[in-house]
Structures are given as C-alpha cells and as structure tokens.
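Visitor: I would like a close look at a single part of this model. Please take one strand and work outward from there.

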Amino acid sequence: MQTAEEQISDLFGSFKAEWLREKIYELFKEPKYFPELLTGRPCVLVGGRGTGKTSVLRLLSYEGQFARSGRSPQAIRGARFYGFYYRVDTNRVTAFRGPEITDDQWVRHFAHYLNLLLCDMVLRFIEWYQLQTGDAVLLPPAACEELATSLNLDPCANLIELTKAMRLARVRFEAHINNVADGRHAALSLQGAPLEPLFEALAGLECFRGKMFFFLIDEYENLLDYQQQIVNTLIKHSGALYTFKIGVKELGWRRRTTLNENEQLINPADYVRIDVSEHLSPAEFAGFAQEVCNSRIAQLDLPGSSGDIRSLLPSLSDDEEAERLGIRSIADKILKQAGSELSPIEMQVLNTLPPLLLYFFEFRRTADQVALSTIIRDYLSNKQTWDTNYGNYKHALLFTLRRGKRGIRKYYAGWDTFVLMAAGNIRYLLELVVQSLLVHLRGGMNLSEVVSADDQTRAAQSVGRKNVSELEGLSVHGAQLTKLVLGLGRIFQVLAADAAGHTPEVNQFYLAVGADDAEDEARGGELLNAAVMHLALVRTPGNKLVDTADTREFDYFVHPVFCAFFEFSHRRKRKLQLTMRQVLGLVKEPRETIRQILATNNRRSNEPLPEQALLFGSYYGAPESSPTDPEI
Amino acid sequence: MALLSRPLLTRKFENAEDFIPPPRSVLVTGHSPEERSKYTCDWIARFVDVSIWTIADQMQAHIRLEGSSQEIQLRSQKQLTAFWASAGRRTLLIDITGLAHHVWAPLLKAALATGRQVQVIYTEPFDYTFSKAPKEGEIFDLSERITGIAPLPGFTSLAEEDEDRVCFVPLLGFEGTRFAYLLEEVQPPGGKIVPIIGVPGFRPEYPFHTFQGNTLPLRQTVAWKNIRFAIANCPFSLLYALEDIASDYPLDLLKIAPIGTKPHALGAVLFALTTSRRVELVYDHPIRKSTRTSGKNRLLVYHVSALTFSSVS
C-alpha cells in the first residue's frame, strides 16, 4: 500500500493536466462554462497557466469522452461530438521560419502542414472508432480520391491507402523542410481545402450523421504570428461540419486577423470568448475548487480522509491571529504605560477592549505623535469613527506586530485565504492544499486532525518560494519576470511592515499617464504583458472603460500566490502609482529603483527581508539588516 | 549490455597539440571566442597535407568559409553535399569545439552521407569560468543565454506523435533553468523523463554541480529516480545509453534535449542518424559568451564513421 505522502502526491501532486494523463478524466470536475464549449461554435478559452484549459480540452477529446463514459462503445456511438486534441509543439512550428524562402512561401508550407496534421488526426480517430466499436467506417472511394487529390497525394481508394499515403506525404514533407533551401518543388495543398471533402464524407456516413467535430487546439500562443493568422482563417471559415476550440494563455493570442489583414475575428460574431477568470466568480471558483479537492480526498485510503477540505484547513480571525503573533504582551505594555496617564474609570474601559484595538491606539499614537491619553479619550468620545478606522486598519496591523522578528511574522491560513491566494487558478490552489497536507503529515499528524495555522503558513511560504523560483524557466524572458516579482514583492512587503501613518494594505499598482517616453512605454508594455501571461502579475480593469491593448488602463497585482513568501496582504486593496520607467527599473537596477519607490512612499529600504526571501539576497544586494531574534 | 563490451572508438590526447590530423585530410573548424577553439601557428606548422577550412560566419541559416563569399545553406542537402564533394577523396575531420550545434550537426550528417572516413575532434576546456552550479536564488537569465527552441537544421521531425508515447531524455548540463524551460515547452508525460548526466565528468566534481544545478526540476518531476549516466566526454557512451533507453521504452518517440556536454550532443546526433527509431532533437540554441571557459584540456578524436548509419542521406 502507498504511504500517505505518496497517495497525496499522486492525487494532488500532479498539478498539471499534462502529467496526470489518463487520470485527469477520472478526476475532472466540470467548470460552469463547460456547456458553452459543447456548442457547434468556435470557442477561445483564455486563461493563465493552471486554470484548467488543458483539462477541459482533453476532456472534450474523443479519448476523454470515452474514458469519462466508463469506456463504453455504446457511448462512443451515441456521442454528440468528437473532439481531436492537439497541443501546439514549439519544436515543430518553429521549423517553418527562416530566410531560405519568402514569408508567402512559409504561409503556403505551414498551411499544408496544418492540412496534413488535421486530416491525420481525423483519420486516426476513424481507426480508433473502428477499433473500439467494432463498426466498420467505409469512406466512399470518391471521397478518398477527392481528399487525396486535395492533399496532393497519389490516388487513394480507401481509408487504408489514404492513411498510408498521408504518412508517406508527411515523411516527404519533413525531408523537404529539412532541405528547404534546395528550392525543390513541394507538393503542397491549399489551406483548409482537404477538410471540407473529408467532413462532408464523414457527415454522409450513417454513424456520424448529425455529429459535430471539434479541433481542440491547445497552447495557441506557441504558434508564430503568421501561423495564428492561418488558423484564424480556418476558424473564420469553419462552418456546419467542423469547428475549433482553442486554448490560449491570456495575451497569447497575438494576432486577431485572418490572412487578410483587414479581416478580424470578432467576438461573438465569429467565435465565443471564454475567459476562465471572468466566467467563474470567486464564490463559484471556491465551490468548484472545493469539489475538486474533496473528490480527491475521497480517493485517499487514509484514516480520517473522508473529511471536507474546508474543515481540514481552518482559518484564523484577525484577533486570533494577533494572539498568535504576540499581541497579549504588547497590549500589557500599552496598558502599563496608559496606567500612568489615564483615570481609573478610563483604565477600566481600556481593560475591556480587545488587545488589537489597544495596539491600534499605540499605532495611531506613533503615527500622529500625540499622547496615548489623547488618543484614548478621543476614542471614548468618537467611538463610531474609531470603529470604522479600526476596521480599515485591523488586518493591516497584523503585518506590523512582529516586524523585523524571526519566525512567522504573518499567518496565511484557512480555505478562504487559500482560495484568494490562488486567484482563480486551480493548480495554485492544489499546490497550497497538497503542501499543507504534506507539512501536516510530516509533523506526525493525520487527516482526522485539522492542519495548524503554522503548517498552513509554512506551506504557503514554500509554495510562493517554489513559484518565484520557477518563473525563471517559464519562458525565455523568465529572469525579467522573476526580477519584477522580487522587486514589487519587496516594495509591498516594506509598505505592509511599515504601515504606521500610511494608507493600509497597499498591494497593487497602476501606471502614471504621460510619464514615460515611447520606448519605455513599448518595452514596459511587453514586460507587463509577459508578466500577466505567465502569472507573475494579475491585472484587472482600472476605473475607466478599457481597451485591452492598453496596458495603462489596468490595475496590476503581484499574483497573490506570492504574498506569503513576501508577506503582504492577499486581499486586493489599495494601489500606488508607478511609471513604466520604474517598472523597467525593477528589472534593470532593482536596488536603486526599490529604494527610490519606497522613498517616494515615505519608507526606507532597510526593512529586514523575511527569512524565506533571504535566498534572493543577491538580487536585493547584501541585506542591510537581518531579522532579529524573537522578542516580544 | 555493459559499456566494457561496446567500442568507444575514441583516441585521447592529454596535450591537445600532440594530435596531428592524418595526411590527405580536410579539417573543418570554426573559432568561437573560447581559447580552446583556437589553433596555434606552431601546431598548424606540424600538419602535413591537411587542408584547414575555417568557418568564418556561423549564421542561423547558413555558413561562410574564411576567404570565400559563398554562403552555404544549412537546410540544403545539395549545398552541403557539394561542400564535402569539394574535399575530394580526403578524410573528413570536423572540429566541433568552436562550432555551434546548428552548424556541426548538419555538416556531420552530410559528411557521413559521403561514405568517406569521418572523424570528429573535440577539445575539453581547462575550466568553466561561470558559476557551475547556479544556487537557488541566483537568477539565471535565459534571454541572455538562449534564443529559444527550434529544430537543428536538417533534424526537423514532423512525425506523427501520440503525446502519451513520448519519452523525454534531457542530457543535463549545469544550468537547471534550461532543463526547466525545456520541460515547460515539451511537457512530457510524468514518469517518462529519463535524464542523463555525464559521469565521470570532465572533472570529478562536475557531476555534483550538475545535480545541484538541476535540483528543482529533478525534484518536481521526480525524474531523479530515472537518471542514467554516460561518460561526459564520450559520444559513444551516450549513444549506448540512448540505445538502452530506446529498448526500455520500445513504443515511444524519444525526444532528446542535448543541453549538456558537446560530446553528449554529438552522441545524440549520432543516435538520431543510426537508429531506426523515431527520434526528435529538442534544442534551445544558447548564445555563447567569450567568458564561458578558460584554457585547453584533453583533445579527443571520435571515429564516428565506424558506426552504421541509417538516415544520413
């Protein structure tokens, strides 16, 4: 039998649909937007890494539908649609570029490759269908001939000949691409031409009458720009017989036109855009995620594992968290100091107040530079105003309680907190859950006991650290993204730790208008787009109506999965203004830019780094001071 | 099969300049900014009846020889065949030390297709000047170091692919971020990642640097369980390791990422040219820097044409 850790790693640890393979069909939970994908219209599913695009597209494939049906041949026959899954492979599509032939010739070459690829997927499906159902699929000889002719193949009279000719054509075409500078003539086909006769022939067969066929193209962002235009053209002109379902990262769909530069793909006339984050409200995402986690927990063969994930991960109220962060001894010091300034009746009132509120008095006293007695008397006479202020600052106060100390300085615990930290990303949520469970089990506990706030926080820090480290390898520009996140994370950490006298919970930024030259605008825009695409940042429309092409119209938030690592608030709250030059400066001259941004916000850059961030000390320069020993 | 019973077809020269190319040979070479790719005048003076063809330009799509204005396209069987044909009946030597993979791989493929004797030369560096094992927390800037994934000229594979039937074989170097980037791009099935590490390394401590530099992706994919070893400076040892992997994964398309030592990359290319199995080379095209290595160490001569080739024409 597998150990607890192995079981959890197996069920939860494979965060990527790509790694789960067959198991994704078993573990799949339908998101709310799923029915929209089942129509005969082209759909573009937009979402960051880990939002479940691949899972959804794989489930729509004929293999996915078969697995979900319990591998029933009858279900294959009765299916409403058949989907052909294809992930765009960078190593193949980048073969179709270079100075050896003209751009127009590359368009014709890639269009032919796409014809071969798409037709091959359909033929492989037919083979599979025959194998699984035992039913013969007989394409009429005339259709085979027509298809062969349109693909520029030797004549074929049946499916076997067609399959063989296609494979041979692919080998020949591979040899042609490998010697493309030889200038030899290639037997190419017209873009999309073979698809019509192929699907017409299929639609004419009894077994496929009235069925829909979907090409499921994942990781569309891997296509080169002109290649996106070729597929866009196919999407624009796909009709009743077949359609396309596209999976693409946010901002990865770089070209919206067809090969005709004046012809745009328009939503909803030409396709349905499904933005994963917009289609799931936070509450819906929480419900969906809970279902995903609980169904995986139910498969664990461990004592106490039938529990609900929400109850396994309890949260802390702000007051409970303050207790754990040592508010009691701080409050005692405040009371002791107040005793010499206040009357016995005032002291009596003070003794009944929550310790965190007392700390707020002290916090305000420091910020306003007045006597504690003045603050407390003002509180007693303007209670309502103070309660509102306290409400605004209460959570922000927690970041300051153990400022500069070693150990946990801020807790990140509870299912709802994890849901917010995942920001609609199921992969991140699973990482937070599995890491918490593993830390818990490694501490000698079992799943009938709840995971402690300490363990959840350590898990959240380690998930943040892992994802910061991973940014580097996500794309060729990963290092810039890492530096950007490290810079912004550090700024928001200092703002959170040094909060007295400042706006609480500043953890977003927006771009100043008209502050940058065109070059900085362009380079900064590219950097921010890459950061959003690879989930270094999350962006939301700002106050104005937005043009999606304008980076300035958005508010940017360091992805909250990093917040436990840096120690800033996971709740999207207030924002500061940056220029594009400052954003670029965080990558080019991080230390100086961080210092300058903090100075603009009346903070100093010598705030100690959180312990978990010390490993990036070389990026920040030698830490000016390290955390002090526990002392409350 | 044990390595002992497989021929390694290699001659080693502890001092690089002890090697003298055979008479009636053509030596194709290229100079990178690295010291080890340069030939001293004293050394060349000892060569007898050896034509040295130096590649002056190593462009993405073509090369140009020193003293010539003619461009030779790397995706052209016709031009590469003509290139070697002009060497007459001589022995063909390719010094890959200063040549980029995208240059020597198609040249080697075309050279082997001539049916003549082909030898590959490689000079080890004395040391690497960069940090051999980037520590966690040190940011590794791929954009300054690679140009991105694209097939090597002449090695594009468009074979049909069943995603579940892929075995990914990264030949690891010190730089774990390159491995992580390739994992992100290739997305191989979990459990079928079989990394190869150079053991023994050019120096005894190098395998440890390799482990250390690749810790994060090795741990995340659990690929550390599948690691295999091949002598770092021996393409044949690598070729045999790949043959073993191929027989362990008999139905899979092998996607090999030659991001480790150059002799390992040579082994991967030789494997692609000798096997009847479907193979795809996945490469991220690093940008070489002058400060990468220092000095010269051993020189190795690989008698590659002693192998039997299936797909060189």
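Guide: What follows starts at one strand of chain B and widens to its domain, its partner chain and the cores.

The model is predicted. The part chosen is strand E11 of chain B, residues 253–258. Is E11(B) mostly covered or mostly open? Mostly covered: five of its six residues are buried.

E11(B) has strand partners. One of them is strand E8 of chain B, residues 166–171. E8(B) and E11(B) pair in the parallel sense, over six bridges. Within E11(B), Pro258(B) stands opposite Leu171(B). Another partner is strand E12 of chain B, residues 279–281. E11(B) and E12(B) also run parallel, joined by three bridges. Here Leu254(B) faces its counterpart Val279(B), which lies in E12(B).

Next, the connection. Helix H9 of chain B covers residues 262–274. Together, E11(B), H9(B) and E12(B) make a β-α-β unit. The unit is right-handed.

Now the domain level. The domain assignment of chain B gives two domains. Domain 2 spans 142–281. Domain 1 comes in two pieces, 3–128 and 293–306. The C-alpha centres of the two domains of chain B are 24 Å apart. Where they meet, 23 residues of domain 1 of chain B are in contact with 19 residues of domain 2 of chain B.

What supplies the domain 1 side of that meeting in chain B? Helix H3 (101–113), strand E7 (118–128) and strand E13 (293–302) of chain B each give at least two residues. H3(B) has the largest share, with seven residues. By type, this side of domain 1 of chain B holds 15 nonpolar residues, four polar and four charged.

Chain B also touches chain A. There, 38 residues of chain B are in contact with 39 residues of chain A. On the chain B side, at least two residues each come from helix H2 (77–85), helix H4 (142–145) and helix H5 (176–186). H5(B) gives the most, five residues. The chain B side divides into 14 nonpolar, 13 polar and eleven charged residues.

Then the cores. The largest nonpolar core has 179 residues. Which residues have the most contacts inside it? They are Leu429(A), Leu432(A), Val433(A) and Val485(A). Helix H26 of chain A, residues 478–497, provides the largest share of this core, eleven residues. Take Val433(A) as an example. Leaving aside neighbours within four places in sequence, Val433(A) is in contact with Phe12(A), Cys293(A), Ile309(A) and Phe418(A). A second, separate core has 81 residues. Its members include Ala100(B), Leu266(B), Ala268(B) and Leu299(B).

Last, chain A as a whole. Its secondary structure comes to 31 helices and nine strands. Along the principal axes, the C-alpha atoms of chain A fill a box of roughly 100 × 60 × 40 Å. Chain A has 632 residues, and buried ones make up 46% of them. Consider contacts in chain A between residues at least 6 apart in sequence: 76% of these join residues at least 24 apart.

Back to the starting point. E11(B) pairs with E8(B) over six bridges, and three bridges join E11(B) to E12(B).

Conventions: Residues are numbered from 1 along each chain as its sequence is written. Chains are lettered from A and ligands numbered from 1 in the order in which they are written. This is a predicted model: local features need pLDDT of at least 70, side-chain atom pairs count only at pLDDT 80 or more; totals for chains, interfaces and linings use all residues. Domain bounds come from an automatic or database domain assignment. Two residues are in contact if their C-beta atoms, placed from the backbone, lie within 7 Å. Helices (H or I, at least four residues) and strands (E, at least two) are DSSP runs, numbered from the N terminus. Ala, Val, Leu, Ile, Met, Phe, Trp, Tyr, Cys and Pro count as nonpolar, Asp, Glu, Lys and Arg as charged, and the others, Gly among them, as polar. A residue is buried if 20 or more other C-beta atoms lie within 10 Å of its own, exposed if 12 or fewer, and partly exposed in between; C-beta atoms are placed from the backbone. Two strands pair if DSSP finds at least two bridges between them. A crossover is right-handed if, with the strands pointing away from the viewer, the path from the first strand over the helix to the second runs clockwise. A nonpolar core is a set of buried Ala, Val, Leu, Ile, Met, Phe, Trp, Tyr and Cys residues joined through C-beta atoms within 7 Å.
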